[in-house]
Amino acid sequence: MTDPGPLRPGPADPGRPSRPSSPIRILLCDDHAVVRAGLLALLSSAPGIEVVGEAGGGEEAVVLAARLRPDVVLMDLQLGPGMDGIEATRRIVADAAAGTGTPTGSGSGGSGSSGGPYVLVLTTYDTDADITRAIDAGATGYLLKAERPEELFSAIRAAAEGRTALSPPVAGRVMARMRGSVRPALTDRERDILGQLARGLGNREIARALFISEATVKTHLGRIYDKLGVDTRSGAVAVAKEQRLLP
């Protein structure tokens with residue numbers, strides 16, 4: 001397998017024993033059956049990786065993680081009605097730390113003997129708010145579904161060893177937040193526009209409310225996106241709420 005290169009692995013967990021040669025046991029969690037089927041087919045082609053269970057929702061993932069004790073849970077964030085991927089991650093990590101659940105695996109020497117599974121987020125969402133919430137919930141890695149299969153395999157192997165694996169865009173956002181831990185410096189006008197954005201107004205409505213042109217609104221929105229490290233309106237509002245930037 002070629003070196004995927006752009007993944008950002010972190011240091012190994014010193015409390016984690018070195019892995020034997022047995023397969024890495026995976027639990028899939030995604031609410032789309034077609035996506036799960038595609039991941040199952042893809043992972044079945046990877047040497048040293050074995051899918052031991054599938055979950056279509058957060059609640060089911062928590063139950064299966066405790067019962068099967070996989071090495072890695074591949075977790076989507078948006079799971080439809082019920083428990084989302086963030087809360088499922090939080091509970092799986094908490095159960096692992098508490099040592100709950102009964103290992104029933106084939107003796108891989110992985111999670112069953114070292115406190116439970118690691119959670120690797122696999123999602124299409126890369127907003128700062130989503131990344132922060134996932135990491136705070138205890139996710140070991142954060143991968144985007146647009147990555148190449150080789151990068152997914154590499155991330156799974158890193159996660160199974162307790163190492164961090166981040167997609168390049170995600171790593172860039174994390175590093176930017178670490179370098180600039182202070183809140184973004186927004187102008188008064190940018191704060192005004194952000195406040196209107198949080199109300200759900202479109203560009204034309206914001207322009208009318210603030211007595212400025214629609215082109216000016218678009219210019220300010222571009223600057224707001226750059227400062228907050230997002231590329232969508234919903235992402236800007238989410239980060240603004242998280243960092244208490246709304247007027």
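**Figure 1. Cavities in the predicted model.** This predicted model holds 2 cavities of 30 Å³ or more. The second largest cavity has a volume of about 30 Å³. Its lining includes Leu-28, Cys-29, Asp-30 and Leu-39. Leu-74, Asp-76, Leu-122 and Lys-145 also line the second largest cavity. By class, this lining has 5 nonpolar and 3 charged residues. Polar residues are absent from the lining of the second largest cavity. Among the charged residues counted there are Asp-30, Asp-76 and Lys-145.

**Figure 2. The second largest pocket.** This pocket has a volume of about 190 Å³. It is lined by 11 residues. Closest to the centre of the pocket are Ile-135, Ala-139, Thr-140, Thr-164 and Leu-166. Two elements each give two or more residues to the lining: strand S5 (141-144) and helix H6 (168-179). Helix H6 supplies the largest share, 3 residues. By class, the lining of the second largest pocket has 7 nonpolar and 4 polar residues. It has no charged residues.

**Figure 3. Asp-126 and its contacts.** Asp-126 sits in the loop between strand S4 (118-123) and helix H4 (128-137). Its relative accessible area is 18%. Asp-126 counts as buried because this value is under 20%. Leaving aside residues up to four places away in sequence, Asp-126 touches Ile-131, Tyr-142 and Leu-144. Under that same exclusion, Asp-126 also touches Pro-169, Val-170 and Arg-173.

**Figure 4. The buried side of helix H8.** Helix H8 spans residues 203-210. Its buried residues are Asn-203, Ile-206, Ala-207 and Leu-210. These residues lie on the same side of H8 because they cover an arc of only 100° around the axis. They pack against three helices: H7 (188-198), H9 (214-228) and H10 (233-242).

**Figure 5. The other side of helix H8, and the residue that follows.** Arg-204 and Arg-208 are exposed on the side of H8 away from its buried residues. Phe-211 comes after H8. The phi of Phe-211 is positive, near 60°.

How values were computed. Residues numbered from 1 in each chain as written. Predicted model: local features only at pLDDT ≥ 70, side-chain atom pairs only at ≥ 80, totals over all residues. Heavy atoms only, no water. Buried < 20%, exposed > 50% of the residue type's maximum accessible area, 1.4 Å probe, protein only. Helix = DSSP H or I, 4+ residues; strand = E, 2+ residues; numbered from the N terminus. Arc of directions from axis to C-beta. Contact = heavy atoms within 4.5 Å. 1 Å grid on protein atoms, 1.4 Å probe; cavity = no way out; pocket = protein on both sides within 12 Å on 5 of 7 lines; lining within 4 Å. Points joined across faces, edges and corners; volume = space filled by probe spheres on them.
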